[in-house]
Amino acid sequence: MSDDAAGSTLAEKGLNAGAHDVASFEDTRHGPLRRIQGFLHSYPTAIPFIVLIVGILIFTIAAGTRFFAPFNLSLVLQQVTIIGVLGIAQTLIILTAGIDLSVGAIMILSSIVMGRLSVVAGVPVEISFVLGLLTGLACGFVNGVLVALVRLPPFIVTLGTWSIYGALIILISRSETIRSQDIAAIAPMLQWMGARVALGGGAILTAGSIVMILLACLVWYILNHTAFGRHIYATGDDPEAARLAGINTKATLIGVYSIAGLICAVAGWVVIGRIGAASPLAGQNANLDAITAVVIGGTSLFGGRGSIIGTLIGALIVGIFRNGLALAGVDVLWQEFAVGGLIIVAVTIDQWIRKISA
């Protein structure tokens, strides 16, 4: 055998005995901060849950036994019921990387339709109730069509429909409030959400709060165990990739906005039960409070990440901070200041967590 042939044979043996792994230049060693960032990216409800627990502890110390009394805690749940129901609707929309500024107006419009038709127009309450729900569904459908088919920005669309639905509220209601006595006499079904159940120790649970929890469970199941729920997350995370994967993103968006409108109509029913009347001035800040609950609850404003559980925790955080600060004697001005600070902190943390996918 020649020297060249022997050398080639030895070279081949050396290559065969060598490592065959593909070279990698990615540093898999992560520091503690990076691991925390990854954990929070995987479990977005962790931060709001921690904030909720810390808030309860702080106000238990600051306000004493009054804050942790069963009656006061149940009162907080009653106070956040409307925000929680609207927050569920808003969560669905924000998961698609959109936003709906008209959820509060849809809620009030639906409640006015229910109240005016049943009390003033004499329409049977069952029909008035269904027409109120269909009003919310129709409003959400209009928003969805404008966003998905006309391709207008959700912020601009819902800012415009907010004004339109607000004008319809004034037109239909004639700026008149339907009194609770009239509703109780003619259409008591509309006040059913205000029915109370005593739990003992002074705690009271309303039918509206129970419906909020059941609705949250239903939407949670849809988001986590159905194809439609996966389509919502995919559309919010990357609409173009979702479309290429075979998802009908336009139908998904229209469906999301329509369902959100229907949920807002349910919130309108809750409002009537909460205050006993159908008023065009009810829930004026509910829209912003719902967005606050969603953001504080860990749902990303950029879409594709978040949960209904986080939204409910966010609503409780808002309620607990306002209730606790009030019991501690803090002025309403500083209560709003604290909630505003929570929003900024929540968005800042969301931006930091999103860097892990960059």
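# Notebook: helix packing and selected residues

I began with the overall make-up, and the secondary structure of the chain comes to 16 helices and two strands. I note at the outset that this is a predicted model, and I read every value below with that in mind.

**Whole chain.** I looked up burial next, and of the 358 residues of the chain, 46% count as buried. The chain exposes about 17900 Å², and carbon and sulfur atoms supply 68% of that area. For the contacts between residues at least 6 apart in sequence, I found that 76% join residues at least 24 apart.

**H5 against H10.** I then turned to helix H5, residues 81-95, and helix H10, residues 207-225, whose axes come within 8 Å and cross at roughly 15°. Since angles under 35 degrees count as roughly parallel, I recorded H5 and H10 as roughly parallel to each other. The handedness is entered as well: H5 passes H10 in a left-handed crossing. On the H5 side the contact is made by Thr 81, Gly 84, Val 85, Ile 88, Leu 92 and Leu 95, while H10 contributes Gly 208, Ser 209, Met 212, Leu 215, Ala 216, Val 219 and Leu 223. Sorting the residues of this contact by class, I have nine nonpolar, four polar and no charged residues.

**H10 against H15.** I stayed with H10 and looked at its packing with helix H15, residues 308-327, where the angle is about 150° and the axes are 9 Å apart. Because angles over 145 degrees count as roughly antiparallel, H10 and H15 go down as roughly antiparallel to each other. The residues in contact are Met 212, Ala 216, Val 219, Trp 220 and Leu 223 of H10, together with Ile 308, Ile 309 and Leu 312 of H15. By class, I entered eight nonpolar, no polar and no charged residues for this contact. Reading back over the two lists, I see that Met 212, Ala 216, Val 219 and Leu 223 of H10 are named in the contact with H5 and are named again in the contact with H15.

**H11 against H13.** The third pair I checked was helix H11, residues 227-237, and helix H13, residues 249-275, which pack at an angle of about 105° with their axes 10 Å apart. That angle makes H11 roughly perpendicular to H13, given that 65 to 115 degrees is the range for that label. From H11, the residues Phe 228, His 231, Ile 232 and Thr 235 meet Thr 249, Thr 252, Leu 253, Gly 255, Val 256 and Ile 259 in H13. The class count for H11 with H13 is five nonpolar, five polar and no charged residues.

**Asn 143.** I moved on to single residues, starting with Asn 143, which lies in helix H7, residues 125-148. Its relative accessible area is 0%, so I list Asn 143 as buried. Leaving aside neighbours within four places in sequence, I find Asn 143 in contact with Asp 100, Ser 102, Ile 106, Val 157, Thr 158, Thr 161, Tyr 165 and Tyr 257. For one of these partners, Asp 100, I also noted the separation, which is 43 residues in sequence and 8.4 Å in space, C-alpha to C-alpha.

**Leu 327.** I next looked up Leu 327, which is found in helix H15, and its relative accessible area of 23% makes it partly exposed. Again leaving aside neighbours within four places in sequence, the contacts of Leu 327 are with Ala 63, Arg 66, Phe 67 and Asn 72. Ala 63 and Leu 327 are 264 residues apart in sequence, yet their C-alpha atoms are 5.9 Å apart in space.

**Positive phi.** Last, I checked backbone angles at two residues that are not glycine. Phi of Arg 151 is near 65°, a positive value in a residue other than glycine, and I placed Arg 151 in the loop between H7 and helix H8, residues 154-173. Arg 151 counts as exposed, its relative accessibility being 63%. Ser 175 likewise has a positive phi, here of about 60°, although it is not a glycine, and its place is the loop between H8 and helix H9, residues 180-186. At 52% relative accessibility, Ser 175 counts as exposed, for which the cut-off is over 50%.

Conventions: Residues numbered from 1 in each chain as written. Predicted model: local features only at pLDDT ≥ 70, side-chain atom pairs only at ≥ 80, totals over all residues. Heavy atoms only, no water. Axes fitted to C-alpha atoms, helices over the stretch in contact; angles between N-to-C directions. Helix = DSSP H or I, 4+ residues; strand = E, 2+ residues; numbered from the N terminus. Left-handed = near helix turned anticlockwise from the far one by under 90°. Contact = heavy atoms within 4.5 Å. Nonpolar A, V, L, I, M, F, W, Y, C, P; charged D, E, K, R; others polar. Buried < 20%, exposed > 50% of the residue type's maximum accessible area, 1.4 Å probe, protein only. Areas by Shrake-Rupley, 256 points an atom, 1.4 Å probe, with all protein chains shown as cover.
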